[in-house]
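Work through the exercises below with the structure in view. Each task is followed by a solution in steps.

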Amino acid sequence: MSEQCNALFQPMKIGNVEIKNRIVMCAMGGPSAMKPDGTFNEQYGRFYVERAKGGTGLIIPSVTHLVDMFGMGNWFHNYGDRFVEPMKKVMEEIHSCDAKLFLQITAGMGRVLQINTKMIKSQKMNPENALIAPCKIHNVWNKDIMHREMTKEEIHERVEAFGKLAKMCKDAGIDGVEVHAVHEGYLLDQFAISAMNTRTDEYGGSLENRLRFTCEIIQEIKRVCGKDYPVTVRYSVASKMKGWNQGALPGEDYKEFGRSLEESPKAAQILEAAGCDALNADNGTYDSWYYPHPPVYMPLACNLPECEYIKNFVNIPVICAGRMHDPISASEAVASGKIDAIGLARPLLADPQWPNKAQAGDLDNIRPCISCHVGCMGEVLGGRHLSCALNPAVMEEDNCRIGKTDHPKNIIIVGGGIGGMEAARIADLRGHHVTLFKKTDKLGGAFIAAAAMDFKEMDRSLLNWYRTQMKNSNVDIRMNTVADQETIAAMNPDEMIIAVGASEKSLPIKGFEHTVTAVDVLRERVTPGKDVAIIGGGLTGCELSCQLAKHGHTVTVVEALDDILSAPGIMPPNRAALVDYMNLYQVRTVCGAQIEEILPDGLVLKDGQKISADTVISAVGYNPNPFNLSLGENVPVHVIGDAAEVGNLMTVIHGAFKLAYEI
């Protein structure tokens, strides 16, 4: 066992159930236990068994709804044996890996239900039953949609249903349940937060009353399943809200609108007294979504201070979630007694073997999560299944087992960026002979610049991970070498992969030659002056604005569209955090701007406005790099990644994986 991470691999108890280590897989938008037709989802089992095989001690699957969120009255406990019998088989496999599983059960979404007018009018939804909350309150996503106050009878019905579903879990061999959630602004959290609960009955008013719904749930589960059956609660220590739909960034001075650090200890103690066996903790609500779903812009271990704080007030284990990505610092937090365990979600998508590798001290081979949200949250919100930008095997475990080919080929890859390295990695694992040409002296391509910003430490870790995979592979890497027709033809390749990436666009604007590129700045080829104007309010331009403003530059972002960060694919917590950081760093934005001319000392808009700048930086997107090379019709040439069509890291990696897997 690695001494660096030793504390993570000590057993702990939640209630009377022993967990083999201090690593908890937190619930996220993964596969549901039941398909829409009520049959068991076999993919559900395979996905979680894969994480058990990877060494995770406690697995908490994606949330199970007591009753369908769209108000059609389908109670989960009515599935009976359709759930219990197949789940028993899954639990046998989980237990064979010496892992445990707690099912997370939700009382409902309340005002955070993602909904629109079309859904409300749909025959597949009953708005009267779906649009519930502690009291009359507006929806997070659409303030014009109002939720009604739940009746006491509806509360009691849900409490009873928790007991029934927990009993099903126990019958299926599931080791415990997690109550979802006095956390993230979901229904039970809305009851718990005074600003969201104006009830005047026994479920509103005092803190004890606001937590009554949750406490009755815990007590009902214990009554039905026995006092020894573990119940954990997903818990936000602090709401981190300045107001409705307004988050507070780390270190920002603000007055708490939701649950405060002053109120939280008493709340935690009330939950413990009700029978809660552990707090699975972080911070935030949907109004401050970048805490429970921290994007790359949030610090590593962003919720640790509050989780450490709340541990001082309870005698039950406290699990801390939220960018606990680094095994060494996570182990130190456990070893020092700040917390009892770490919660991982997305890192176990990027690398299901994270625990086993950490335990073995094989840290360089842990594929790091970069907190992009593209494959996990993006795919789920898009109505597709859970995925990972970095790991195409997520939810496709059985279809992505990499075995040796019976027909090894001689494969040439041109380009050593992420796409080229991923294609080389998979082709090498399959037993092909791979030669990779890189015209410069560094592997990484455009991702070197993308990973250069202060807050991209995990991007730099990913870059190092790919370089490590190349170093440990049999790939013949030819650095500082241009792949010309004569050289490649002499190698007699069976297939060729072109992964030469893309280059930054230029615009047909007078004086555009006075600009420098974002890549030039990020690669430190150009040192920008004090006053900076950035043309382009997309992801690159806005990220760069924060990087420069943080280091003392005065920055103006000039965007032709009506708003910044308007391109599809930017997830809500990522956008919210980036916009809030831009405001914190006082980045000026000028939207709907048409540039007339770029000057050595700034730029002029068509409306006559002059924006002065010592340096004008272009961040207006990319065009695929041209590459014309043919070895005849007998040698297939595959163009992948941004060289084929500019996309994102997920399209690059998934495309490269698929091609190399199928060759």
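**Exercise 1. Find how β14 and β15 run relative to each other, and state how well β15 is covered.**

Step 1. Strands β14 and β15 run parallel and are joined by 3 bridges. Strands here are DSSP runs of E with at least two residues, helices are runs of H or I with at least four, and both are numbered from the N terminus. Two strands count as paired if DSSP finds at least two bridges between them.

Step 2. Within this pair, L279 stands opposite V318 of β15.

Step 3. Strand β15 covers residues 318-321 and is buried on both faces, with V318 and C320 on one side and I319 and A321 on the other. Buried means a relative accessible area under 20%, exposed means over 50%, and partly exposed lies in between (1.4 Å probe, protein chains only).

A note on the source: this is a predicted model, in which local features need pLDDT of at least 70 and side-chain atom pairs count only at pLDDT 80 or more, while totals for chains, interfaces and linings use all residues. Residues are numbered from 1 along each chain as its sequence is written, and side-chain values use heavy atoms, with hydrogens and water left out.

**Exercise 2. Determine how much of helix α9 is buried and what its buried residues pack against.**

Step 1. Helix α9 spans residues 264-274, and 8 of its 11 residues are buried.

Step 2. The buried residues are S264, P265, A267, A268, I270, L271, E272 and A274.

Step 3. They pack against helices α7 (207-210), α8 (212-225) and α10 (304-311), and against strands β11 (231-236) and β14 (278-282). Packing is judged by contact, that is, heavy atoms within 4.5 Å.

Step 4. G275, just after α9, has a positive phi of about 120°.

**Exercise 3. Give the strand order of the two open sheets described here, and name their edge strands.**

Step 1. One open sheet has 3 strands in the order β7-β9-β8, with mixed pairing. Its edges are β7 (132-133) and β8 (137-138); each has a single partner strand, so one side of each lacks a neighbour in the sheet.

Step 2. Strand β7 runs parallel to β9 (residues 146-149), and 2 bridges join them. Here A133 stands opposite E149 of β9.

Step 3. Another open sheet has 5 strands in the order β22-β29-β23-β24-β25, with parallel pairing. The edge strands β22 (516-517) and β25 (588-590) each pair on one side only.

Step 4. Inside this sheet, β23 (residues 531-535) and β24 (residues 554-558) pair in the parallel sense over 5 bridges. The bridge partner of I534 is V557 in β24.

**Exercise 4. Decide for H180, Y48 and K439 whether each is buried or exposed, and list what each touches.**

Step 1. H180 lies in strand β10 (residues 176-182). Its relative accessible area is 7%, so H180 is buried. Neighbours within four places in sequence aside, H180 is in contact with V63, Q104, I105, T106, A107, Y186 and L188.

Step 2. Y48 belongs to helix α1 (residues 42-53). With a relative accessible area of 2%, Y48 is buried. Apart from neighbours within four places in sequence, Y48 contacts M25, G30, P31, I59, P61, S62 and I94. The C-alpha atoms of Y48 and P352 are 9.5 Å apart, although 304 residues separate them along the chain.

Step 3. K439 sits in the loop between β18 (433-437) and α16 (447-450). Its relative accessibility is 64%, so K439 counts as exposed. Not counting residues up to four places away in sequence, K439 touches N480, T481 and V482. The C-alpha atoms of K439 and N583, 144 residues apart along the chain, are separated by 40 Å.

**Exercise 5. Describe the protein as a whole.**

Step 1. The protein has 22 helices and 31 strands. Its radius of gyration is 26 Å, close to the 26 Å that the globule rule gives for 663 residues, so the protein is as compact as a globular protein of that length. The radius is taken over C-alpha atoms, and the rule is 2.2 Å times the number of residues to the power 0.38.

Step 2. The C-alpha trace spans about 75 × 65 × 55 Å along its principal axes.

Step 3. Buried residues make up 58% of the 663 residues.
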